[in-house]
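Reader: I am new to this structure. Could you walk me through how to read it?
Author: Gladly. Let us take a few features in turn.

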Amino acid sequence: MLSGFYTATSGMLMQQRYLNVLSDNMANARTPGYRSKRVVSSTFDYELMIRQDGLAPKSFNALSDEAKKAYFARTGIGAGSPIRIVEEVPTEFQQGSMENTNRPYDMGIVGEGFFTVEGKQPLDEEGNPTEAPPTQYLTRNGNFNIDEEGFLIMPGVGRVLNDKDGYIKIKGSKFILNSDGSILDADGKKAGKLKILNPNFDHLDYMDNACYTINPQKAVNQEGEPIEYKQYDKIKVMQSMLERTNTDVSREMMLAMEVQRSFQACAKALTTVDLMNQKAATQIAAL
Amino acid sequence: MNKAFYTAGTGMRSFQKDMDIISNNISNINTVGYKGSRASFRELLVTEMDNNEAKNKNHTEGHGVDVTDVQFIMESGQMRQTEYPYDFAIAGDGFFAVSRDDIKQYTRAGNFKIGTVGNKSYLTAPDGSFVLSDKGKRIELKKDENGLIDTDTLVEDIGVFLFTNPEGLKPLGNTSFKETEVSGKAKAANSKKSGTTKLLQGVLESSSVNLADQMAEVITAQRAYSLNAKIIQTADQIEEIANNLR
């Protein structure tokens, strides 16, 4: 009956979701390591549009049995979908530009790979720490710092991991990061190598603070066996550099304009359907 | 409701803070011993989108950005020759210590002067706080038989202090810092022995702020601000359309 209402509304809701995601991209236009996101929409399950065929009821009784059946026959006139839904919210993983910060704790990865940071111990439902290993977060945000004990940390997340899943004790600001990820601490001694993973992007879940986690349900090979990601060795890391976001602000702005106009168009369609219903309700009844 | 409003709002608020920090850097472009700082941005909470899909499909939307930290860039500023005997600069790492507000404060600003208590003269910072020696004592200025102050030995008297993590110092204003747990304890550097630190007399360290860098920051911060304002406008227009449906 009033399916036009819902179709136009689903279009409007979808534009709203587009805008929510692109406003987040825009707000993070200066967040290091941030990766811009998109909304990909698709249609809800198709349903068959049908046309009712038939003759005038006057001659109905004179018809043969076959023709009577044909009266009830419906002709499919193609598939259509009245509703739009979110298909996917993919992340764009291309490289952002590098910026020199002159701050020793800032690191940037050129090319592929993610820093690995150990998060907090997972909590059970009552809020007590469980015995499960702490979550490992992957990130491109190399805006690190040092904690009281001299370990390299990502503020608000946790300590940065080395390739043997230990922490990296840099001791002071005079540490040196080599481009292969190995670190010499402030006293010039070896302090381990940054753990850099390069997983398939499809196996990642998006977290806050420009971090990702590997989703064990997704990280499986074709036989369904879990994939264990190992240290990625073709890395190039730079010290005192930060990777900027890869958000393309002009494109986001263009999309915002498009969103606004599409929203307007959907609203217009909604008003039109409303007008049609109004006519049906008033003028047809007046005949 | 319309989340884009608030998301773009966090953007505007953060870039306003960013602009505040940049403007402080620029206004201190001629402050002796000033260290530039920068905002550290952090993406806020990410949640599931409000659609009727099965959960765990990673349909996420973020909620904006915040400035979580102001990070000091402890790079050295340019050295400027002044030939004034009470101007000092530290080439390399280290800080001068001054006794101010009953605590030891550490600074890179070496524009000192003479302060007099009774008939004794001491080396002080411009605001009158005493400059401290390696052992944390006030530095008394020695006079020769004619009553003239001997400035040649000052280089040996002034204390220079090192930190394992100078970026962890807490700023107190007046280009001074306080030691914290993160910065580590101050350690007196013997400027004669230490290879990375040298005390220079008749030289001042200019502000470490680079005006060209800061102007580039101003432009990006301002653009980011106005683009976020534009998104708020778009969100507002969308609300307006929705409100005018009937």
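Reader: Let me start with one residue. Where is the place of Gly147(B)?
Author: A word first: this is a predicted model. Gly147(B) sits in the loop of chain B between strand E11 (130-131) and helix H2 (154-157).

Reader: Is Gly147(B) buried, partly exposed or exposed?
Author: Use the cut-offs: buried is under 20% relative accessible area, exposed is over 50%, and partly exposed is in between. Gly147(B) has 41%, so it is partly exposed.

Reader: What separates the C-alpha atoms of Gly147(B) and Gln16(B)?
Author: A distance of 55 Å. Along the chain, the two are 131 residues apart.

Reader: Which loop holds Asp150(B)?
Author: The loop between E11 and H2 of chain B. Asp150(B) has a relative accessibility of 28%, so it counts as partly exposed. Its C-alpha atom is 9.9 Å from that of Pro85(B). Those two residues are 65 apart along the chain.

Reader: Now the helices. How many does chain A have, and how many strands?
Author: Chain A has three helices and 19 strands. It has 287 residues, of which 43% count as buried. Consider also its contacts between residues at least 6 apart in sequence: 67% of them join residues at least 24 apart.

Reader: What should helix H1 of chain A span?
Author: Count 1.5 Å for each residue, with one less than the number of residues. H1 of chain A covers residues 3-27, which is 25 residues, so the expected span is 36 Å. The C-alpha atoms at its ends are 36 Å apart, which agrees. Helix H1 of chain B also runs over residues 3-27, and its end C-alpha atoms are 36 Å apart, in agreement with the expected 36 Å.

Reader: How many residues of H1(A) are buried?
Author: 18 of its 25 residues, so the helix is mostly covered. Take Ser23(A), which is in this helix. Its relative accessible area is 0%, so Ser23(A) is buried. Set aside its neighbours within four places in sequence. Ser23(A) is then in contact with Ala4(B), Thr7(B), Ala8(B), Asn228(B) and Ile231(B).

Reader: Which residues of H1(B) are buried?
Author: Among them are Ala4(B), Thr7(B) and Ala8(B), along with Phe15(B), Asp18(B) and Ile22(B). The cover over the buried residues of H1(B) includes H1 of chain A. It also includes E1, strand E3 (60-62), strand E4 (65-72) and helix H3 (211-243) of chain B.

Reader: How many cavities of 30 Å³ or more does a search of the whole structure find?
Author: Two. The largest cavity holds about 100 Å³ of space.

Reader: Which residues line the largest cavity?
Author: From chain A, the lining includes Arg30(A), Pro32(A), Glu99(A) and Arg244(A). From chain B, it includes Asp18(B), Arg38(B), Ala39(B) and Phe41(B). Strand E19 (241-243) of chain A and strand E1 (37-43) of chain B each supply at least two lining residues. E1(B) gives the most, with three. By type, the lining has four nonpolar residues, no polar ones and seven charged ones.

Reader: What is a disulfide, and how many does the structure hold?
Author: A disulfide is a covalent bond between the sulfur atoms of two cysteines. Over all chains, the structure holds zero. Two cysteines of chain A can still be read for burial. Cys211(A) is at 2% relative accessibility, so it counts as buried. Cys266(A) is buried too, at 16%.

Key:
Residues numbered from 1 in each chain as written. Chains lettered and ligands numbered in written order. Predicted model: local features only at pLDDT ≥ 70, side-chain atom pairs only at ≥ 80, totals over all residues. Heavy atoms only, no water. Helix = DSSP H or I, 4+ residues; strand = E, 2+ residues; numbered from the N terminus. Buried < 20%, exposed > 50% of the residue type's maximum accessible area, 1.4 Å probe, protein only. 1 Å grid on protein atoms, 1.4 Å probe; cavity = no way out; pocket = protein on both sides within 12 Å on 5 of 7 lines; lining within 4 Å. Points joined across faces, edges and corners; volume = space filled by probe spheres on them. Nonpolar A, V, L, I, M, F, W, Y, C, P; charged D, E, K, R; others polar. Contact = heavy atoms within 4.5 Å. Disulfide = S-S within 2.5 Å.
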